[in-house]
Amino acid sequence: MSNSDPFVSAIFAGKFLFEVDGVSIGAFTEVEGLQVDVTVEEVEEGGQNQFVHRLPGRLTWPNIVFRRGVTNSDNLFDWLQTTAGDGFTKEGNKLTRRSAAVTLISDDRKRLRAWELAAAFPVRWKGPSFAASSNDVAAEELEIAHHGFRSKKP
């Protein structure tokens, strides 16, 4: 296969690396929810019925969802275990929020752009669906909560 093959290009295009406290959780092919919303508060001015002040309010960040094909790395599960069960007990029954980063990786494996996530922790993992009649690639999803992000030089 050549690099001009669209299937090969699709496999290597747009990889995202996800790291927690500097430990690689893995490369993902999709990242959803990397956004921030600013609520707008409206303040009506007394005596002026034709004007309403619009002021910026709180920032909110949705959970981020990562998708990829199933891998044999256990780093994701090791981190996930810190939020429940024996792993949670080892942490003193306290949720440890961690610093995380999402990095866009180029086709030639260079780090192009990164976002640092504050106080991240996993909230959902979904494994692959299996069907003997399907040719779909086995995929998994990871969803994390966080307290915002900032742009970071890779």
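Start by selecting R98 and everything around it in this predicted model. Leaving out neighbours within four places in sequence, R98 is in contact with V20, D21, W79, T82, E91, L117, A118, A119 and A120. Now show the strand it belongs to: R98 is in β7. Is R98 buried or exposed? With a relative accessibility of 18%, R98 counts as buried, because the cut-off for that word is under 20%.

**Stop 1: strand β7 and its partners**

Extend the selection to the whole of β7, residues 98-105. Since 6 of the 8 residues of β7 are buried, the strand is largely enclosed by the rest of the structure. Next, add β1, residues 15-20. β1 and β7 pair antiparallel, over 6 bridges. For a handle on the register, pick F16, which stands opposite L104 in β7.

Then bring in β8, residues 111-126. Here 7 bridges join β7 to β8, and the two strands run antiparallel. Click on V102: which residue in β8 is its bridge partner? The partner of V102 is W115.

**Stop 2: some backbone angles to check**

If you have a Ramachandran plot to hand, keep it open for this stop. Most residues other than glycine have a negative phi. Go to the hairpin of β7 and β8, which has 5 residues between the strands, and pick R109: its phi is positive, near 70°. Then pick A119, one of the contacts of R98. A119 is found in strand β8, and it has a positive phi of about 50° although it is not a glycine.

Now step to N93, in the loop between α3 (85-90) and β7. Phi of N93 is near 55°, again a positive value in a residue other than glycine. N93 is partly exposed, with a relative accessible area of 49%.

**Stop 3: the largest nonpolar core**

Hide the backbone and show side chains for F18, F66, W79, V102, L117, L142 and I144. Of the 16 residues in the largest nonpolar core, these seven touch the most other members. Colour by element and you can see where the core draws its residues from: β1, β2 (23-28), β6 (64-69), α2 (75-80), β7, β8 and β9 (139-145) each give two or more. Two names here have already come up: W79 and L117 are among the contacts of R98.

Zoom in on L142, which sits in strand β9. L142 is buried, with a relative accessible area of 0%. What does L142 touch, not counting residues up to four places away in sequence? The list is F18, I64, V65, F66, L76, W79, P122 and R124. Try a distance label to V102 too: L142 and V102 are 40 residues apart in sequence and 13 Å apart in space, C-alpha to C-alpha.

**Stop 4: β6, with a strand to either name**

I64 was on that contact list, so select it next. I64 lies in strand β6, and at 0% relative accessibility it counts as buried. Not counting residues up to four places away in sequence, I64 touches V31, E32, G33, L34, L117, L142, E143, I144 and H146. Put a label between I64 and E143: they are 79 residues apart in sequence, yet 5.6 Å apart in space, C-alpha to C-alpha.

Now the pairing. β6 and β9 pair in the antiparallel sense over 6 bridges, and R67 stands opposite E141 in β9. Strand β3 (residues 30-32) is joined to β6 by 3 bridges, and this pair also runs antiparallel. For that one, select E32, which stands opposite V65 in β6.

**Stop 5: the largest pocket**

Finish by turning on a surface. How big is the largest pocket in volume? It comes to about 220 Å³. Select P128, S129, V137, A138 and A139, the closest to its centre of the 14 residues that line it. The lining divides into 6 nonpolar, 3 polar and 5 charged residues. β9 gives the most to the lining of this pocket, with 3 residues. β9 is also where you found L142.

Notes:
Residues are numbered from 1 along each chain as its sequence is written. This is a predicted model: local features need pLDDT of at least 70, side-chain atom pairs count only at pLDDT 80 or more; totals for chains, interfaces and linings use all residues. Side-chain values use heavy atoms; hydrogens and water are left out. A nonpolar core is a set of buried Ala, Val, Leu, Ile, Met, Phe, Trp, Tyr and Cys residues joined through side-chain atoms within 4.5 Å. Buried means under 20% relative accessible area, exposed over 50%, partly exposed in between (1.4 Å probe, protein chains only). Helices (H or I, at least four residues) and strands (E, at least two) are DSSP runs, numbered from the N terminus. Contact means heavy atoms within 4.5 Å. On a 1 Å grid over the protein atoms alone, a cavity is a set of points where a 1.4 Å probe fits but cannot get out, and a pocket is an open set with protein on both sides within 12 Å along at least five of seven lines; lining residues have an atom within 4 Å of a point. Grid points are joined across faces, edges and corners, and a volume is the space filled by probe spheres set on the points. Ala, Val, Leu, Ile, Met, Phe, Trp, Tyr, Cys and Pro count as nonpolar, Asp, Glu, Lys and Arg as charged, and the others, Gly among them, as polar. Two strands pair if DSSP finds at least two bridges between them.
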